[in-house]
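Please open the model in the viewer and keep the selection panel at hand. The stops below proceed one selection at a time.

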2 protein chains.
Amino acid sequence: MSHSILAPARVPASSRGLPDATVARLPVYHRVLCTLAQAGQQTVSSGDLASACQVTSALLRKDLSYLGSLGTRGVGYDVASLAYRIGCALGLSHPRHILIVGLGSLGHALAGYAGLADRGFVLVGAVDANPELIGTPVGRPGQEVTVRSIGDLDVVVRETDAHIGIIATPAEAAQGVCDRLVAAGIRSILNFAPVVLATPAGVEVRKVDLSLELQILAFHEQRRGEEPLPAVMRA
Amino acid sequence: MSHSILAPARVPASSRGLPDATVARLPVYHRVLCTLAQAGQQTVSSGDLASACQVTSALLRKDLSYLGSLGTRGVGYDVASLAYRIGCALGLSHPRHILIVGLGSLGHALAGYAGLADRGFVLVGAVDANPELIGTPVGRPGQEVTVRSIGDLDVVVRETDAHIGIIATPAEAAQGVCDRLVAAGIRSILNFAPVVLATPAGVEVRKVDLSLELQILAFHEQRRGEEPLPAVMRA
DNA sequence: TAGATTGTTAATCGATTAACAATC
DNA sequence: TAGATTGTTAATCGATTAACAATC
């Protein structure tokens, strides 16, 4: 492992090997920075940005340090350029093509979600098993796509050059859909169905699960109901 | 399934002090166990259950060990009773009352979500700022609730004895809604709006954020596109 | 008994925090 | 210069893994 002379196009420890926990926080920083930028703010200190993101300033600085040395000592960070750098690290510079599978009420809601178009995400396709839905338009006005048959999933992925698949089907259908997405070449999947999806290595699956989240909240609800004794027990 | 004689309602290090990471996994175990039970399976080993849940068997056993000694060496775990015990730990024995704030397409989809009624969660109320929605029914057929004015949020919380608030409003409205939920006594919030919510200590907020998840996937997409050099660089 | 599998310990790994030298 | 704030190090904390004695 050599530094010495002629470090060739040095990558500042960056982009490679970002800890997962850091990657999960970068979008939060990015969003808050965009809000600050829109409000016209020029610079921000790690302390202020951190509290807006609800992390400690030390953690924020450490996270950012993986991307390089982006701040100015004694001053802080330039809001716009920091947002830009984080955007680059996240790959928001390239538009990503989204395909939604399953257009029940959730699928429809996701297709119409404003925040989707927001950051370089483009809805390029939608498929469903229900013949009645096929041919109908979904998505934001002006950017609608036509629902196609799930039988054409393979074709749709190819034609639209889809990158990310969103599974919004019933639980029973999800694994089958997932298999077909992977077979069609999709490597990034966002799963809204309440099942644990099995995928080959190299496929990135993230899950969003209402029921799981509610159960975690229920646990805390319960624990809250149990703890009315404030450490007064000795006689 | 008793050991020794008259173990005096012993709480086995349980329920208190479960690590957060464990709490987040218990609902997954619970769901998979319910699926196995429905399929008629009597017992399951930590190895089989763990692989169905995509965790290691050591981690699964460690997680379960916080709840007590629930398995039988040489045999495994009884599916039904393990599901029951996890359900108790999560507090799924008591029904939880859900209030949804914001009935755009996402709010409607959530209200109609089957998995909600599933595990002891009951939709008890829905409020929105849009006068056109007020008075309309939402939710699963047979368990509908009537949308009321967001101005009545306080009253609705009291009348319905709501425990958990789901925020499905636009980003701009979310913090205000959150403040009002907290003021009305809600201590558990599930936030679908793309903002970082500020709450006083003692309030549990969980967030579900499509845009954040997509950005994390985008990061991995990008990294995948960069790594075509398979460790062949020495001359 | 022999084989299987748990519950638990100790070792490892990764993520967070506290503190401070560097430097604007 | 004096005050502020970063980038980084070392210490801490928490979560995961590997291994195995206990025991069905």
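In which helix of chain B is Asp63(B) found? Select Asp63(B) and display the secondary structure: the residue belongs to helix α3 of chain B. The model is a predicted one, and every distance and area on this tour is computed from it.

**Stop 1: Asp63(B) and its surroundings**

Colour Asp63(B) by accessibility. Its relative accessible area is 1%, so the residue is classed as buried, the limit being under 20%. Next, display its contacts, leaving out neighbours within four places in sequence: Thr22(B), Arg25(B) and Tyr29(B) appear. With Thr22(B), the contact includes a polar one between the two side chains, at 2.7 Å. Keep Arg25(B) selected, as this residue leads to the DNA: a polar atom of its side chain is 2.9 Å from a phosphate oxygen of DNA strand D.

**Stop 2: DNA strand D**

Select DNA strand D and expand the selection to the protein around it. The strand is surrounded by 25 residues, and the closest are Ser46(A), Arg61(A), Gly71(A), Tyr77(A) and Arg73(B). By class, this surface consists of 7 nonpolar, 10 polar and 8 charged residues.

Now show the helices. At least two residues of the surface come from each of α3 (57-65) of chain A, α1 (20-38) of chain B and α3 (57-65) of chain B. The helix that gives the most is α3(B), with 4 residues; this is also the helix that holds Asp63(B).

Two further phosphate contacts merit a distance label. The side chain of Ser46(A) places an N or O atom 2.5 Å from a phosphate oxygen of DNA strand D. Leu70(A) uses a backbone N or O atom instead, 3.1 Å from a phosphate oxygen of that strand. Among the atoms of DNA strand D within 4 Å of the protein, sugar or phosphate accounts for 61%, and bases for the rest.

**Stop 3: DNA strand C**

Move the selection to DNA strand C. Here 25 residues surround the strand, the closest being Arg25(A), Arg73(A), Ser46(B), Gly71(B) and Tyr77(B). The largest contribution to this surface is from α3(A), with 4 residues.

Label the phosphate contacts of chain B. A polar side-chain atom of Ser46(B) is 2.4 Å from a phosphate oxygen of DNA strand C, and a backbone N or O atom of Gly71(B) is 2.8 Å from a phosphate oxygen of the strand. Then turn to Arg61(A), where an N or O atom of the side chain is 3.4 Å from a base nitrogen of DNA strand C.

**Stop 4: the contact between chains A and B**

Hide the DNA and select both sides of the contact between the protein chains. Chain A contributes 66 residues and chain B contributes 66 residues. The area buried between them is about 5,900 Å², with 62% given by carbon and sulfur atoms. Of the area that chain A buries against chain B, Arg31(A), Leu210(A) and Gln215(A) supply 12%, more than any other three residues.

Which residue of chain B meets Arg31(A) in a salt bridge? Select Asp209(B): its side chain and that of Arg31(A) form the bridge, at 2.7 Å from N to O. There are 4 salt bridges between the two chains.

Finally, select helix α9 (residues 210-226) of chain A, which supplies 16 residues, the largest share of the side of chain A that touches chain B. By class, that side divides into 37 nonpolar, 15 polar and 14 charged residues.

Notes:
Residues numbered from 1 in each chain as written. Chains lettered and ligands numbered in written order. Predicted model: local features only at pLDDT ≥ 70, side-chain atom pairs only at ≥ 80, totals over all residues. Heavy atoms only, no water. Near = heavy atom within 4 Å. Polar contact = N/O pair within 3.5 Å; in protein donor to acceptor, adjacent residues only side chain to side chain. Nonpolar A, V, L, I, M, F, W, Y, C, P; charged D, E, K, R; others polar. Contact = heavy atoms within 4.5 Å. Buried area = accessible area lost by both parts, 1.4 Å probe. Buried < 20%, exposed > 50% of the residue type's maximum accessible area, 1.4 Å probe, protein only.
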